[in-house]
Amino acid sequence: MRIQYNKLWKILIDKNMNKVQLKEAAGISSNSLAKLGKNEPLRMDVLMKIATALNCKVEDLFETIPG
């Protein structure tokens with residue numbers, strides 16, 4: 001099972017935000033941002049910070065892909 005953050009990138013486009021603004025708003029590290037870019041798993045607390053900063057649910061940020 002793989003993870004994709006395409007839903008997150010769409011939210012950022014809708015909110016007219018870039019990755020640096022997300023990093024600052026959510027208070028996440030550059031390493032976490034890099035993991036997002038590589039579609040790597042993140043800890044739940046990091047996902048919750050992002051969801052809080054974007055005013056959405058954690059499940060709105062990603063989807064899982066079989067394979």
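Below are short exercises on a predicted model, each with a worked solution.

Residues are numbered from 1 along each chain as its sequence is written. Local features need pLDDT of at least 70, side-chain atom pairs count only at pLDDT 80 or more, and totals for chains, interfaces and linings use all residues; side-chain values use heavy atoms, with hydrogens and water left out.

**Exercise 1. Find the pattern of helices and strands along the sequence.**

Start with the definition: helices (H or I, at least four residues) and strands (E, at least two) are DSSP runs, numbered from the N terminus. Next, count: there are 4 helices and 2 strands. Then read along the sequence: the order is β-α-α-α-α-β.

**Exercise 2. Judge how the radius of gyration compares with the globule rule.**

The radius is taken over C-alpha atoms, and the rule is 2.2 Å times the number of residues to the power 0.38. For 67 residues the rule gives 11 Å, and the protein has a radius of gyration of 11 Å, close to that value, so it is as compact as a globular protein of that length. Now add the extents: along its principal axes the C-alpha trace spans about 30 × 25 × 15 Å.

**Exercise 3. Describe the largest nonpolar core.**

Fix the terms. Buried means under 20% relative accessible area, exposed over 50%, partly exposed in between (1.4 Å probe, protein chains only). A nonpolar core is a set of buried Ala, Val, Leu, Ile, Met, Phe, Trp, Tyr and Cys residues joined through side-chain atoms within 4.5 Å.

Of the 67 residues, 33% count as buried. The largest core has 20 residues, and those with the most contacts inside it include Tyr5, Leu36 and Ile50. Helices α1 (6-14), α2 (19-26), α3 (30-37) and α4 (44-54) each supply at least two of its residues. The largest share, 5 residues, comes from α4.

**Exercise 4. Which residues does Ile50 touch, leaving aside its neighbours within four places in sequence?**

Contact means heavy atoms within 4.5 Å. By that test, the partners of Ile50 are Leu8, Leu22, Ala26, Ile28, Leu36, Leu42 and Leu61. Then look at the whole chain: among contacts between residues at least 6 apart in sequence, 62% join residues at least 24 apart.

**Exercise 5. Are Asn16 and Asn39 buried, partly exposed or exposed?**

Take Asn16. Its place is in the loop between α1 and α2. Asn16 has a positive phi of about 55°, although it is not a glycine. With a relative accessible area of 68%, Asn16 is exposed.

Take Asn39. Its place is in the loop between α3 and α4. Asn39 has a positive phi of about 55° and is not a glycine. Its relative accessible area is 29%, and Asn39 is partly exposed.
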